[in-house]
Amino acid sequence: MKQRDRESAPAALGVGLIGYAFMGAAHSQGWRTAGRVFDLPLRPLLAAVAGRDSAAVHAAAERHGWAAAETDWQALVSRDDVQLVDICTPGDRHAEIAIAALDAGKHVLCEKPLANSVAEAEAMAAAAERARARGQVAMVGFNYRRVPALALARRLIEQGRIGALRHVRLTYLQDWLVDPDFPLTWRLERHHAGSGALGDLGAHIVDLAQFLAGEPLVGVSAQLETFVRERPLLASVSTGLSASGGPGRGEVTVDDAAVFTGRLASGALATFEASRMAPGRKNALRLEISGEHGSLAFDLERLNELHFHDQLEPAATAGFRRILVTEADHPYLEAWWPPGHVLGYEHTFAHQARDLVMAIATGTDPRPSFADGLQVQRVLAAVEESAAKNAVYTPVPAPRSAVTPASGTPAGTARTEAQV
Ligand code: SOE
């Protein structure tokens with residue numbers, strides 16, 4: 001790790017976090033780590049965390065290193081020591097908080113999916129565009145873009161190493177809903193979460209597909225299913241995905257699983273599967289991309305590895321080879337450990353914090369922007385529309401935004417006007 005010169009300590013960037021459960025804890029870790037590992041022009045300062053339960057939010061502040069705790073998100077947004085608001089609430093609060101924070105002159109990081117509906121995401125993207133004119137930035141927390149192996153995959157695709165794309169295949173499987181007695185948490189209620197596996201897991205793989213390919217999806221054909229339609233009402237929640245049920249049952253109003261095919265702007269074919277009903281799969285995000293000259297494959301459970309097959313090599317010795325993505329010239333790795341000393345899930349949040357701070361300091365547009373988040377939201381809406389019509393092919397409205405340069409992450413594409 002690099003040693004910072006104490007004489008020229010960078011100015012502070014006060015961060016305020018709203019929500020402190022699983023994602024809030026992961027973001028806290030990212031903010032704590034980023035400034036210690038990377039040489040940043042601004043030093044993230046964990047100014048305050050907000051949550052409704054006074055005892056719980058004070059305990060979270062203590063545990064995760066936040067200097068102050070607020071029980072009202074509006075109080076956090078109006079604090080003078082907060083320049084950046086990080087939103088880790090359920091989706092139904094994203095739009096209201098993000099727009100208020102942007103209007104109050106703050107930079108914003110918002111967890112994925114950007115919103116619960118296209119209309120909300122449009123309002124958020126518009127607020128971000130207005131704020132951009134005042135020098136503020138807004139970014140969506142699609143953290144898997146910051147897995148070094150996936151950032152490397154983007155770099156290789158952009159360099160043309162696998163040629164024109166033909167297939168992108170992505171699956172994201174979990175199994176925490178297999179038990180029919182897992183209770184009805186907010187993630188299973190449409191008015192809180194917007195959708196189920198589709199928005200929670202599908203949003204990640206839609207974003208990754210568009211990011212890696214460097215182009216948007218133009219249409220989809222989908223099926224959604226809710227296998228367990230009633231679950232025990234919630235008795236108590238700890239953090240994250242664990243919870244216990246009480247007496248009585250309530251209706252599950254989101255999908256358990258989503259399967260869909262799609263077409264990218266270039267004509268490449270895409271397949272997606274997102275499920276919380278895959279026994280044995282805890283957090284299995286896998287992908288394989290086929291181009292005219294080669295293929296790339298990745299598995300989140302082995303996230304330091306990228307598999308690359310170069311079709312132009314002599315057939316006798318060609319084949320998928322494993323790249324251990326821990327070299328200093330791999331994305332994000334220059335600041336970490338010597339080669340072979342592997343990274344994990346939590347590092348993606350430090351990389352996300354790093355990229356956002358760099359964008360703020362250099363006045364560039366961070367990616368994924370709110371416009372990128374809106375594009376994902378449009379795909380999710382098209383998936384729901386298609387599924388309601390029994391998989392009828394449904395176009396995704398074309399993004400309107402022009403290309404802006406990426407900051408700190410592999411650059412965007414020249415192939416399309418979309419921000420992806
Ligand atoms: C729960 O399904 C969850 O935590 C998602 O909300 C995250 O975005 C994903 O990274 C892991 O799974």
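Here are three short exercises on a predicted model, each with a worked solution. Local features need pLDDT of at least 70 and side-chain atom pairs count only at pLDDT 80 or more, while totals for chains, interfaces and linings use all residues. Residues are numbered from 1 along each chain as its sequence is written, and side-chain values use heavy atoms, with hydrogens and water left out.

**Exercise 1.** Work out which strands stand at the edges of the open sheet.

*Solution.* Start with the strand order, β3-β2-β1-β4-β5-β6, with parallel pairing; strands are DSSP E runs of at least two residues, numbered from the N terminus, and two of them pair if DSSP finds at least two bridges between them. Next, look at the ends: β3 (68-70) and β6 (138-141) each have a single partner strand, so one side of each lacks a neighbour in the sheet.

**Exercise 2.** Trace the partners of Cys110 in β5, starting from Ile87.

*Solution.* First, β4 (residues 84-87) and β5 (residues 107-111) run parallel, joined by four bridges, and Ile87 is opposite Cys110. Then move on to β6, which is parallel to β5 and also linked to β5 by four bridges; here Val140 is the bridge partner of Cys110.

**Exercise 3.** Decide whether the faces of β6 are covered or open.

*Solution.* Take one side first: Ala138 and Val140 are buried, meaning under 20% relative accessible area (1.4 Å probe, protein chains only). On the other side, Met139 and Gly141 are buried too, and both faces are therefore covered.

Methods. Buried < 20%, exposed > 50% of the residue type's maximum accessible area, 1.4 Å probe, protein only.
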